[in-house]
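Q: Please take a close look at one part of this model, the sheet and what surrounds it. Keep it brisk.

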Amino acid sequence: MIAFATMEGRIEPPECRVGGPAGFSATARWLRTAFEGLAYEIHHVVADGNLVAVNSTMSGRHVAPFAVYTPDGAVDTVFPPTGKTFAVRQSHWFRIQDGKVVDHWANRDDLGQGKQLGWVPPTPAYLFRMARAKSRTKRAAA
């Protein structure tokens, strides 16, 4: 079972917030739907006992709306596709028990990703597109 004790888990869709392979698969689908060619380049992997640290770069192209959610599972913000590419450094930490990942946390450059994708700072036109995309996403989920 994968028990994701992470901050990022709180912004994911509800189906991603479950443990184990189902949650991992749902998270992969959520990201890959919005980001074409999503890839992780591994730079370093270090293990010490039951702790594994991975230093990587995540990259892709923003091709579909990317929705983030409130802690209670409601749609919070939707970033409409920009068509822009990004590459950001991340570190992921895993705790292993009985050959399985039982804990995960990450450090990501979300601000750098937002700048590369044109989310930050948002233009007035992009803010309008965000509001429209949020409305559409909420209607589709209803």
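A: What follows goes from the whole chain to the sheet, then to selected residues and the core.

The model is predicted. The chain holds three helices and six strands. Read from the N terminus, the order of elements is α-β-β-β-β-β-β-α-α. The C-alpha atoms occupy a box of roughly 50 × 30 × 20 Å along the principal axes. A compact globule of 142 residues would have a radius of gyration near 14 Å; the chain has 16 Å, which agrees. Buried residues account for 36% of the 142. Take contacts between residues at least 6 apart in sequence: 56% of them join residues at least 24 apart.

Now the sheet. It is open and has four strands, in the order β1-β2-β5-β6, paired antiparallel. The edges belong to β1 (35-48) and β6 (100-108). Each has a single partner strand, so one side of each lacks a neighbour in the sheet. On average, neighbouring strands are turned by 25° against each other, direction ignored. Strands of a sheet pair through backbone hydrogen bonds, either parallel or antiparallel.

Consider the pair β1 and β2. Eleven bridges join these strands in the antiparallel sense. F35 stands opposite H62 of β2. Helix α2 (residues 110-117) packs on the sheet. This helix touches β1, β2, β5 (85-97) and β6, and its direction makes about 155° with that of β5.

S56 gives a view from within β2, the strand that spans residues 51-62. The relative accessible area of S56 is 1%, under the 20% cut-off, so this residue counts as buried. Neighbours within four places in sequence are left aside here. S56 then contacts Y40, E41, I42 and H43. Also in contact with S56 are V88, R89, Q90 and H92. The first group falls within β1, at 35-48. The second falls within β5, at 85-97.

Next, the charged pairs. Side chains of opposite charge can pair when their charged atoms come close. A search of the whole structure returns two salt bridges. One is between R61 and E36, with the closest N and O atoms 2.8 Å apart. R61 lies in strand β2 and E36 in strand β1, so this pair links distant parts of the chain, 25 residues apart. R61 is partly exposed, at 31% relative accessible area. E36 is partly exposed too, at 42%.

The other salt bridge joins D110 to R108, where the closest N and O atoms are 2.5 Å apart. D110 has a relative accessible area of 39% and is partly exposed. R108 also counts as partly exposed, at 30%. R108 belongs to edge strand β6 (100-108), while D110 belongs to helix α2 (residues 110-117).

Last, the core. The largest nonpolar core contains 22 residues. W30, F35, F66, F79, F86 and W119 have the most contacts inside it. Elements that contribute two or more residues are α1 (20-34), β1, β3 (66-69), β4 (75-79), β5 and α3 (124-141). Two of these, β1 and β5, are also strands of the open sheet. F35 appears again here, as one of the core residues with the most contacts and as the residue opposite H62.

F79 shows the contacts around one such residue. Residues up to four places away in sequence are not counted. F79 touches H62, A64, P65, F66, V68, W119, Y126 and M130. Among them, F66 and W119 are listed with F79 for the most contacts inside the core.

Definitions and conventions: Residues numbered from 1 in each chain as written. Predicted model: local features only at pLDDT ≥ 70, side-chain atom pairs only at ≥ 80, totals over all residues. Heavy atoms only, no water. Buried < 20%, exposed > 50% of the residue type's maximum accessible area, 1.4 Å probe, protein only. Contact = heavy atoms within 4.5 Å. Pairing = 2+ DSSP bridges. Axes fitted to C-alpha atoms, helices over the stretch in contact; angles between N-to-C directions. Salt bridge = Lys/Arg side-chain N within 4 Å of Asp/Glu carboxyl O. Core = buried A, V, L, I, M, F, W, Y, C linked by side-chain atoms within 4.5 Å. Rg over C-alpha atoms; globule rule 2.2 N^0.38 Å.
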